[in-house]
Amino acid sequence: MRVAWACLPLAVAVFVVLVRVDRQIEPVANYWPPIPPLTGVLAPNNRLDPAKQELLASNIPGPEDCVHDLRTGTLYLSASDGWIYFIEAPVTAASAPKKLVYTGGRALGLAMDTPRNQLVFADKRGLMAVDLTTRQLHCLVTEVDGIPLGLTDDVAVAQDGTVYLTDATRLGLGSEEVLTISALELLEGRGSGRLVKYDPATRTATVLMRNLLFANGVALSKNEDFLVVGDMGRAQILRLWLKGDRAGTRDVLIDNLVGMADGIWTDPEDGTFWVAVFAFRDGMSQLLSKTPFVAKILANLPGWMLLPAIVPSPYNLVLHYDASGRLVESLHGTGQHAMPVTSVSRFDNKLFLGTLIGNGIRVLQL
Ligand SMILES: [Ca+2]
């Protein structure tokens, strides 16, 4: 089956490369460790099966992320139509989402900045915020170190208002769709993602990490002594210490993930980390990581044909780690309604799952 996936696009790519100019990427070879087996805590189960889920906002396209205002229970969600929507509590499948603001771009990761009563979000245009009283939109950062943000993917806000954001890849500067951009970054294999810190007091942004292979989810630890960031293409979650003797140093908190980590959410009650896994690591980008010349040919495919590069088959997977990076449980789901999970958070003893592909937020009673 994998061979079939790889051969068909390759044949088309040979044709395509003859009639169009290639995209400007220069793939390099990478050698990844074997994918860990689905055994032990990782053993498949049916905890995310569709029959156990409720679908919220079923008419809202591509809600990558959603976040609750813990004061009111209002749920905010980022959609692929350029709008941020909200649902007031009590949030049920019958609730009709309302429009909060049109961003002019494409909002991805969301984070509440409760002390300042604003919603901070990653947008294809850069780091942005919307005042929840006036609904006034603010563009906070569009470039760092003279380099434009290529694709702002996720955000985390500290109690003092400091914002940490991921700039997924330099390849996001064109007009390509998010999925195409991520596939190209993975096929290139170099890593152009950045972790950025924005200081609202000085309105300045600084780069904390470079060369991430699609920088994705970012989250602060419960007491904000460190943050975690997803180096998605390398199947790692990195830890950067912010306080204490180790401040400024980094290490690998979680290594050799079974899939590509998307959104990461810190549970405010116990400090554990919930990780949305976008896809297993057996897509074309991983299979072709040793053959950059083939990856360069495939990079000429139309965007929709690059999907197998990152999503070989539909699967739902959420991983739950303790604060030290130990896997404590995994939640799986398959079937015709399975979609890549791009965000996960818990509220009122329910898990809320966002997806870049498909409509609506899926809700699982725990
Ligand atoms: Ca993301």
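This passage walks through the overall build of the protein and then through a few of its strands, a helix and a loop.

The model is a predicted one: local features are reported at pLDDT of at least 70, side-chain atom pairs count only at pLDDT 80 or more, and totals for chains, interfaces and linings use all residues. Residue numbers start from 1 along each chain, following the sequence as written.

Starting with the whole protein, there are 5 helices and 26 strands. Here helices (H or I, at least four residues) and strands (E, at least two) are DSSP runs, numbered from the N terminus. Along the principal axes, the C-alpha atoms fill a box of roughly 55 × 50 × 45 Å. A compact globule with 366 residues would have a radius of gyration near 21 Å, and the protein, at 19 Å, agrees with that. That radius is taken over C-alpha atoms, and the globule rule is 2.2 Å times the number of residues to the power 0.38. Of the 366 residues, 48% count as buried. The cut-offs work like this: a residue is buried if 20 or more other C-beta atoms lie within 10 Å of its own, exposed if 12 or fewer, and partly exposed in between, with C-beta atoms placed from the backbone.

Contacts say something about how the chain folds back on itself. Two residues are in contact if their C-beta atoms, placed from the backbone, lie within 7 Å. Among contacts between residues at least 6 apart in sequence, 56% join residues at least 24 apart. The largest nonpolar core has 105 residues, and those with the most contacts inside it are Val155, Val218, Leu227, Val277 and Val318. Such a core is a set of buried Ala, Val, Leu, Ile, Met, Phe, Trp, Tyr and Cys residues joined through C-beta atoms within 7 Å. In soluble globular proteins, nonpolar side chains tend to be buried together. Setting aside neighbours within four places in sequence, Val277 is in contact with Gly259, Met260, Ala261, Asp262, Leu317, Val318, Leu319 and Val341.

Leu227, one of those core residues, leads to strand 17. This strand (residues 226–231) has 6 of its 6 residues buried, so the rest of the structure largely encloses it. In a regular strand the side chains alternate between the two faces of the sheet. In strand 17, Phe226, Val228 and Gly230 point one way while Leu227, Val229 and Asp231 point the other, and all are buried.

Strand 17 has a partner on each side in an open sheet of 4 strands, ordered 16-17-18-19 and paired antiparallel. Strand 16 and strand 19 (250–254) stand at the edges with a single partner strand each, so one side of each has no neighbour in the sheet. The twist averages 30 degrees from one strand to the next, using lines fitted to C-alpha atoms as axes (for helices, over the stretch in contact) and angles that run from 0 to 180 degrees between N-to-C directions. Strands count as paired if DSSP finds at least two bridges between them. Strand 16 (residues 215–220) is joined to strand 17 by 4 bridges, with Ala215 opposite Asp231. Their hairpin has 5 residues between the strands, and Glu224 there takes a positive phi near 60 degrees. On the other side, strand 17 and strand 18 (residues 236–241) pair over 6 bridges. Asp231 turns up again here, with Gln236 as its bridge partner in strand 18. This hairpin has 4 residues between its strands, and Ala235 in the turn has a positive phi of about 60 degrees.

Strand 13 (residues 163–167) gives a second case: 5 of its 5 residues are buried, so it too is largely enclosed by the rest of the structure. Val163, Leu165 and Asp167 point one way, and Tyr164 and Thr166 the other. Strand 12 (residues 152–157) runs antiparallel to strand 13 and is joined to it by 5 bridges, with Thr152 opposite Asp167. Gly161, in the turn of their hairpin, has a positive phi of about 95 degrees. Strand 13 also pairs antiparallel with strand 14 (residues 193–199) through 5 bridges, and there Val163 has Tyr198 as its bridge partner.

Helix 2 (residues 178–188) is mostly covered, with 11 of its 11 residues buried. Just after helix 2, Gly189 takes a positive phi of about 75 degrees.

Finally, Ala79 sits in the loop between strand 3 (75–78) and strand 4 (83–87). Ala79 counts as buried because it has 23 C-beta neighbours inside 10 Å. Not counting residues up to four places away in sequence, Ala79 touches Ile60, Pro61, Gly62, Pro63 and Tyr85.
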